[in-house]
Amino acid sequence: MVTGKSTPFWNIQWLGHRAFRYIFPNLYQLVEDPNSSVYNIGCWVGNGWEWQIENCFSVLNQEACNELSDLKAVLDRVAPSGQNRDVLIWPLQDSHCYSVRSYYTKLVQDSVVELGDSRVRAALQVIWKVKVPSKMQIFGWRLMHDRLPTKSQLSKRGIIMENADSPCVFGCGQVEEVDYVFISCCCGRVVWSKMFLWLGLDYMEEVNCCDHFIQMVTVLKSFCVNNRADEIWLAVCWCLWRHHDKIIFNNRVADPDEIVHNVMMYSWWWLAIGNMKKVYCNFYEWSKNPLKFL
Ligand SMILES: [Zn+2]
């Protein structure tokens with residue numbers, strides 16, 4: 001705020017930690033023009049600025065009088081100045097420039113945002129750094145937070161009738177919950193066992209997505225030279241989910257071999273695109289010896 005001509009006096013936070021309408025609610029209820037600018041709440045007398053806050057009211061009650069004296073004490077410390085136009089600044093950064101990080105930190109400090117389970121946070125920290133398209137990272141976030149439209153989620157929200165529609169679309173007859181459909185379902189288990197065989201790993205028995213992801217990434221990292229292990233896990237879940245949709249919308253049937261082939265294709269494509277100069281291989285080389293390039 002410089003001249004105050006385009007800064008609303010009551011309705012935006014221009015002084016202190018909140019807008020005046022929230023700090024002085026009794027005054028705000030009685031003010032005649034709630035849209036006044038800062039410049040219109042006083043005037044220049046010679047070289048000095050005089051606040052004329054009393055002129056904003058035709059009547060005041062006791063609570064408003066108490067707030068008025070507090071407001072005057074606050075206003076005594078400031079005055080409009082200069083000829084430049086008013087500008088917005090972001091108070092949460094020293095540079096006064098907006099950043100998502102500073103706002104997110106503030107929301108966490110104010111307990112507006114729940115950080116959630118520490119293992120999910122650890123998994124997401126890895127997922128946000130994986131070199132895959134951003135829609136894949138968002139898919140990973142939704143998966144870890146159980147925000148994908150599984151039948152379990154759809155029935156919780158009343159979109160489908162639970163008894164009629166909740167069994168897993170891959171045909172195993174179990175309730176389609178996120179950890180089940182990606183890890184333990186009959187189709188998922190076949191896909192994972194083929195993937196582990198391809199990668200030369202022992203089968204893992206984790207029962208939830210988060211632990212499964214962390215364990216697989218940890219094991220793979222000890223084999224990998226290029227730090228690209230994380231995308232394989234995401235690729236498997238992504239291809240499982242796409243196949244899940246094909247069964248629902250295109251009347252397809254569960255086909256673990258097709259899913260495995262798609263995982264190889266997607267992960268090879270990301271590897272080639274994301275690291276073209278450093279690691280390049282053709283699909284045949286990739287499908288025969290993935291650990292050499294991960
Ligand atoms: Zn199933």
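Biologist: Is Ile232 buried or exposed?
Modeller: This is a predicted model, and in it Ile232 is buried, with 24 other C-beta atoms within 10 Å. The cut-off for buried is 20 or more, so Ile232 meets it.

Biologist: Where does Ile232 sit?
Modeller: Ile232 is in helix α12, which covers residues 230-250.

Biologist: What does Ile232 touch, leaving out residues up to four places away in sequence?
Modeller: Ile232 touches Leu220 and Ser267. There is also a distance to Phe213, which is 19 residues from Ile232 along the chain: their C-alpha atoms are separated by 9.8 Å.

Biologist: Staying with α12, at what angle do α6 and α12 pack?
Modeller: The angle between α6 and α12 is about 80°, and their axes are 10 Å apart. The two helices are therefore roughly perpendicular to each other.

Biologist: Which residues meet there?
Modeller: From α6 there are Met136, Phe139, Gly140 and Leu143, and from α12 there are Leu234, Cys237 and Trp238. By class, the contact of α6 with α12 has 6 nonpolar residues, 1 polar and no charged.

Biologist: Phe213 came up earlier. Which contact of α5 and α11 includes Phe213, and how do those helices pack?
Modeller: Helix α5 (residues 118-127) and helix α11 (residues 209-221) pack at about 50°, with their axes 9 Å apart. That makes α5 oblique to α11. The crossing of α5 and α11 is left-handed. On the α11 side, the contact is made by Cys210, Asp211, Phe213, Ile214 and Val217, and on the α5 side by Arg119, Val120, Ala122, Ala123 and Val126.

Biologist: How many of the residues in the contact of α5 with α11 are charged?
Modeller: There are 2 charged residues, along with 8 nonpolar and no polar.

Biologist: Why give both an angle and a distance for packed helices?
Modeller: Because two packed helices are described by the angle between their axes and the distance between the axes.

Biologist: New topic, strands. How do β1 and β2 run?
Modeller: Strand β1 (residues 42-45) and strand β2 (residues 48-51) run antiparallel, joined by 4 bridges. Val45 stands opposite Gly48 in β2.

Biologist: What do β1 and β2 form?
Modeller: They form a hairpin with 2 residues between the strands. In the turn, Gly46 has a positive phi of about 65°.

Biologist: Which residues other than glycine have a positive phi?
Modeller: Among them are Asp146, with phi near 55°, and Asn251, with phi of about 55°.

Biologist: Where are Asp146 and Asn251?
Modeller: Asp146 is in the loop between α6 (134-144) and α7 (151-156). Asn251 is in the loop between α12 and α13 (256-274).

Biologist: What about burial for Asp146 and Asn251?
Modeller: Asp146 counts as partly exposed, with 16 C-beta neighbours inside 10 Å. Asn251 is exposed, with 7 other C-beta atoms within 10 Å.

Biologist: And helix α4, how many of its residues are buried?
Modeller: The number buried is 0 of the 10 residues of α4 (residues 100-109), so this helix lies largely in the open. Ser111 follows α4 and has a positive phi, near 60°.

Biologist: Let's try a cysteine. Where does Cys186 lie?
Modeller: Cys186 lies in helix α10, residues 186-199. Cys186 is partly exposed, with 15 other C-beta atoms within 10 Å.

Biologist: What is Cys186 in contact with, aside from neighbours within four places in sequence?
Modeller: Cys186 is in contact with Phe170 and Cys172. The C-alpha atoms of Cys186 and Gly173 are separated by 9.6 Å, and these two residues are 13 apart along the chain.

Biologist: Last one, Asp70. Which helix is Asp70 in?
Modeller: Asp70 is in helix α3, residues 62-75.

Biologist: Is Asp70 buried or exposed?
Modeller: Asp70 counts as exposed, with 12 C-beta neighbours inside 10 Å. The cut-off for exposed is 12 or fewer, so Asp70 falls within it.

Biologist: How are Asp70 and Leu199 separated?
Modeller: Their C-alpha atoms are separated by 70 Å, and the two residues are 129 apart along the chain.

Terms used:
Residues numbered from 1 in each chain as written. Predicted model: local features only at pLDDT ≥ 70, side-chain atom pairs only at ≥ 80, totals over all residues. Axes fitted to C-alpha atoms, helices over the stretch in contact; angles between N-to-C directions. Parallel < 35°, antiparallel > 145°, perpendicular 65-115°, else oblique. Left-handed = near helix turned anticlockwise from the far one by under 90°. Contact = placed C-beta atoms within 7 Å. Nonpolar A, V, L, I, M, F, W, Y, C, P; charged D, E, K, R; others polar. Pairing = 2+ DSSP bridges.
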